[in-house]
Amino acid sequence: MKSLTLKKNQLEEIRDEFFTGSTIEQISMENIGLTSLKSCSMSTITNVSEISLGFNNFSSISNNLFCMANSDSFSKLLILNLNNNRIKSLEFLSDQFPNLKNLNLEWNLIEHLKLADFKGLKKLESLNINNN
């Protein structure tokens, strides 16, 4: 399977083992009512190039969500869409996505931007932070 779309569902939980052994390249979990994902729940995905978690209710993203310290699973991630959530801090970005080119953070609650939050995004070409 190359693409997984779970849009407009009311899932209460995505279990850790859901992604185990997955070779999914595109994941869309938009508008499904998520408030959080467990640490490392996506760390077993090996080929993902695009993740869309827009229109959920995240107020923060765990620094351990993608478990980058233990895996290089997200070295192929090019597009990360986190629009229309309630994210306030960008600390989770630092050094996690070395090849990320497009980051969408519009319509969140970001109050402060720090250069340190973006230091690991050396290949970033597009950053959307409108309406924060």
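**Exercise 1. Which side chains meet in a salt bridge at 3.8 Å, N to O?**

Before starting, note that the model is predicted, that local features need pLDDT of at least 70 and side-chain atom pairs pLDDT 80 or more, while totals for chains, interfaces and linings use all residues. Residues are numbered from 1 along each chain as its sequence is written, and side-chain values use heavy atoms, with hydrogens and water left out.

*Solution.*
Step 1. Apply the criterion: a salt bridge is a side-chain nitrogen of Lys or Arg within 4 Å of a carboxyl oxygen of Asp or Glu.
Step 2. The side chains of Lys7 and Glu30 satisfy this at 3.8 Å, N to O.
Step 3. Place the partners: Lys7 sits in the loop between β1 and β2 and Glu30 in the loop between β2 and β3 (50–52), so the contact ties together parts that lie 23 residues apart in sequence.
Step 4. Add the accessibility, where buried means under 20% relative accessible area, exposed over 50% and partly exposed in between (1.4 Å probe, protein chains only). Lys7 is partly exposed at 43%, whereas Glu30 is buried at 15%.

**Exercise 2. Find how many salt bridges the whole structure holds, and describe the one formed by Glu91.**

*Solution.*
Step 1. A search of the whole structure returns 2 salt bridges.
Step 2. Glu91 pairs with Lys114, the closest N and O atoms being 3.5 Å apart.
Step 3. This pair links distant parts of the chain, with Glu91 in the loop between β4 (79–81) and β5 (102–104) and Lys114 in the loop between β5 and β6, 23 residues apart.
Step 4. Glu91 is partly exposed at 44% relative accessibility, and Lys114 is partly exposed at 41%.

**Exercise 3. Work out the strand order of the sheet and name its edge strands.**

*Solution.*
Step 1. Count the elements, taking helices (H or I, at least four residues) and strands (E, at least two) as DSSP runs numbered from the N terminus; the protein chain has 0 helices and 6 strands.
Step 2. Two strands pair if DSSP finds at least two bridges between them. The open sheet of 6 strands has the order β1-β2-β3-β4-β5-β6, with parallel pairing.
Step 3. The edge strands, each pairing on one side only, are β1 (3–5) and β6 (126–128).
Step 4. Check one pairing in detail: 3 bridges join β1 to the parallel strand β2 (residues 26–28), and Thr5 has Ser28 in β2 as its bridge partner.

**Exercise 4. State what share of the protein chain is buried.**

*Solution.* With the accessibility cut-offs of Exercise 1, buried residues make up 42% of the 132 residues in the protein chain.
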